[in-house]
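Here's a quick tour of a protein model, going from the overall layout down to a single helix. Have your viewer open and follow along.

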Amino acid sequence: MEITPTYVKKMDCLHCKEKFTTTKIRSRFVRVTKHESDFKPIYTDPSINPILYNAAVCPSCGFAFTDDFSSYFAPGVKDEIANKITSLWNGRSFGDERSTDEGIEAYKLALVSATVKKEKPLTMAGIALRIAWLYDDLKDFESGKRFRAVSRNLYTEAYSNGDHAGTQMSETRVLYLIAELSHQVGDKEEAIRNFSRVIESQRTSTDPQVIQMAKERWQEIREQG
Ligand SMILES: [Zn+2]
């Protein structure tokens, strides 16, 4: 049997517990050529893009989630999901292979679900950034910029909350993203302020690669005047 890049993964809805399937990409097929300055991976074969499949959408209740969602639902949240998400849900399936548009829709449902569930701003910031990347792939740079601004504000909130503690994200990386996204949305002051904070943290940081990136970006921005 030929092994395909995609496979079908069985899921249990985090909210209603119904079983459904979602498509994933086998990691052995994923080749990254390089990363952009906001860590966006550029894939060698653009048709094999795992970013399209990070958000699972439950066809029964409409709740959408990523691996970063916590399994905890605060009191009252289940009722809010029923009122604000499930009551409006049309039962659509996102389980097959996705176009870029469908990838964006799935992430937007995850962003709404995260907001209603009160997920950490760090989780929501990552979703908003991925929406921005997918809009870039569609050459819709205006929408890309809009979601970068959303992501930047959420990373700023995440930084003040200390959301990164215990996650894969270092403090240096969160500050770097605040700086880089500020630069991309034209907020030069916040960009310079936060690139400086990244560079100042170099003696205590565990992420020397990101410090180096910040130094290069800070230099480039200064040269642009
Ligand atoms: Zn569900």
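How many helices and strands does the protein chain have? It has seven helices and six strands, where helices (H or I, at least four residues) and strands (E, at least two) are DSSP runs numbered from the N terminus. Starting at that end, the order is β-β-β-β-β-β-α-α-α-α-α-α-α.

A word on ground rules: this is a predicted model, so local features need pLDDT of at least 70, side-chain atom pairs count only at pLDDT 80 or more, and totals for chains, interfaces and linings use all residues. Residues are numbered from 1 along each chain as its sequence is written, and side-chain values use heavy atoms, with hydrogens and water left out.

Now for overall dimensions. Along the principal axes, the C-alpha atoms fill a box of roughly 50 × 45 × 35 Å. Of the 225 residues, 45% are buried, meaning under 20% relative accessible area with a 1.4 Å probe, protein chains only.

Next, zoom in on helix α4, residues 141-161. Its 21 residues should span 30 Å at 1.5 Å a residue, and the end C-alpha atoms are indeed 30 Å apart; the expected span is 1.5 Å times one less than the number of residues. Buried residues of α4 include Phe147, Leu154 and Tyr155, and also Arg148 and Arg152. The buried residues of this helix pack against α2 (100-117), α3 (121-137), α5 (171-184) and α6 (188-200), with contact meaning heavy atoms within 4.5 Å. After α4 comes Gly162, with a positive phi near 70 degrees.

Definitions and conventions:
Buried means under 20% relative accessible area, exposed over 50%, partly exposed in between (1.4 Å probe, protein chains only).
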